[in-house]
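Student: I'd love a close look at one part of this structure, with the rest filled in around it. Could you take me through it step by step?

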Amino acid sequence: MKTVIANWKSNPNSLREAARLAKSIEKHASLNRKAEVVIAPPFIYLSDVKKEVSTAKLGAQDVFGNEGGAYTGAINLAQLKNTGVKYVIIGHSERRRYFGETDEFINKKVTAALAYGFKVVLCVGNKEKMSDPSNFVNKQLTADLKGVSSKDKIRNLIVAYEPIWAIGTGNADNPQSAAEVSLRIKEHINKLMGVGKIKVLYGGSVTDKNIRSFISRNKIDGVLVGGASLNPSMFGRIIKAANELG
Ligand code: PGA
């Protein structure tokens, strides 16, 4: 089953627009339920998006901490769980870049979110184009997954390979090399913790035009979509392609 995640980032600016987008995504997700569809809106819309979806699952774009306490501005895992969130994106390159998140910090969040039973979408990716990004990406994974073992609900781990140079640029990676990196990621996770069956998604300028070239490769289990997930008809076609390619 392919996975398609809509990462709305800090969009849209009104609840009305968020509800409209969610309604459209739900409509497409429920037409043919072969693919798993996840919407990750800004925190502020989670409860309202939840009212619009039944087939599509709810995701959060980040999290901080387990149970809450004196952490101004933070959203914790218990709050997400009680709001119906099933997926949590951790380590997105924009969190690393604009909010100074380190591998050590990301590692704490991944560990806590897995222990809490969330599906964790751990994002990794190289800044500049590289002929073989696998070493870089696998180093990031080793740091982000430090101390996590096959006992830690590792089946709930999803890795999103997102080359930073491809994000929001309209310049997606070459599907063949993205598939090779995905394979290396799976091999690396297998070496790290003896589990080879985790899902690896590709992210970075995915559109309705290029999605098939990524997910038709069996090493790529789905896509993490930013910009195109804000366009209801384009994202509808992305979901359709994921459903068709099963
Ligand atoms: P993009 O973003 O689809 O707009 O390139 C992807 C992401 O950052 O997850």
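Which side chain makes a polar contact of 2.7 Å with the side chain of Asp62?

Tutor: Happy to. Please keep in mind that this is a predicted model. The side chain you are asking about is that of Lys109, and its polar contact with the side chain of Asp62 is 2.7 Å. Asp62 also has a polar contact with the side chain of Arg95, at 3.5 Å.

Let's place Asp62 in the chain. Asp62 sits in the loop that runs between β3 (57-60) and α3 (77-82). Although it is a loop residue, Asp62 counts as buried, because its relative accessibility is 8% and the cut-off for buried is under 20%. Setting aside the neighbours within four places in sequence, Asp62 is in contact with Phe43, Leu80, Val88, Ile89, Arg95, Glu101 and Lys109. Two of these names, Arg95 and Lys109, are the polar partners you have just met.

Leu80, another residue in contact with Asp62, gives us a way to look towards helix α5. Phe105 belongs to that helix, which covers residues 103-115. From Leu80 to Phe105 there are 25 residues in sequence and 19 Å in space, C-alpha to C-alpha. Phe105 has 29% relative accessibility, so it counts as partly exposed.

Now to the ligand. Around it are 13 residues, and Lys9, His92, Glu162, Gly168 and Ser205 come nearest. By class, this shell holds four nonpolar, seven polar and two charged residues. For Glu162, an N or O atom of the side chain is 2.7 Å from an oxygen atom of the ligand. The backbone takes part as well: a polar backbone atom of Gly226 is 2.8 Å from a ligand oxygen, and for a polar backbone atom of Gly227 the distance to a ligand oxygen is also 2.8 Å. On its own the ligand has 290 Å² of accessible area, and the protein covers 95% of that.

Two of the nearest residues, Lys9 and Ser205, are worth a second look for their backbones. Lys9 has a phi near 55 degrees, a positive value in a residue that is not glycine. Lys9 is in the loop between β1 and α1 and, at 22% relative accessibility, counts as partly exposed. Ser205 has a positive phi too, about 60 degrees, and is not a glycine either. Its loop lies between β7 (199-203) and α8 (211-215). With a relative accessible area of 15%, Ser205 is buried.

Back in the loop between β1 (3-7) and α1 (15-31), you will also find Pro12. The peptide bond that joins Asn11 and Pro12 is cis, with omega about -10 degrees.

Finally, step back to the whole chain. There are nine helices and eight strands. The C-alpha trace spans about 45 × 45 × 30 Å along its principal axes. A compact globule of 246 residues would have a radius of gyration near 18 Å, and the chain agrees with its 17 Å. Of the 246 residues, 52% count as buried, Asp62 among them. Among contacts with a separation of 6 or more, 71% are between residues 24 or more positions apart. The accessible surface of the chain is about 11,500 Å², and carbon and sulfur atoms make up 50% of that.

Methods: Residues numbered from 1 in each chain as written. Predicted model: local features only at pLDDT ≥ 70, side-chain atom pairs only at ≥ 80, totals over all residues. Heavy atoms only, no water. Near = heavy atom within 4 Å. Polar contact = N/O pair within 3.5 Å; in protein donor to acceptor, adjacent residues only side chain to side chain. Areas by Shrake-Rupley, 256 points an atom, 1.4 Å probe, with all protein chains shown as cover. Nonpolar A, V, L, I, M, F, W, Y, C, P; charged D, E, K, R; others polar. Helix = DSSP H or I, 4+ residues; strand = E, 2+ residues; numbered from the N terminus. Buried < 20%, exposed > 50% of the residue type's maximum accessible area, 1.4 Å probe, protein only. Rg over C-alpha atoms; globule rule 2.2 N^0.38 Å. Contact = heavy atoms within 4.5 Å.
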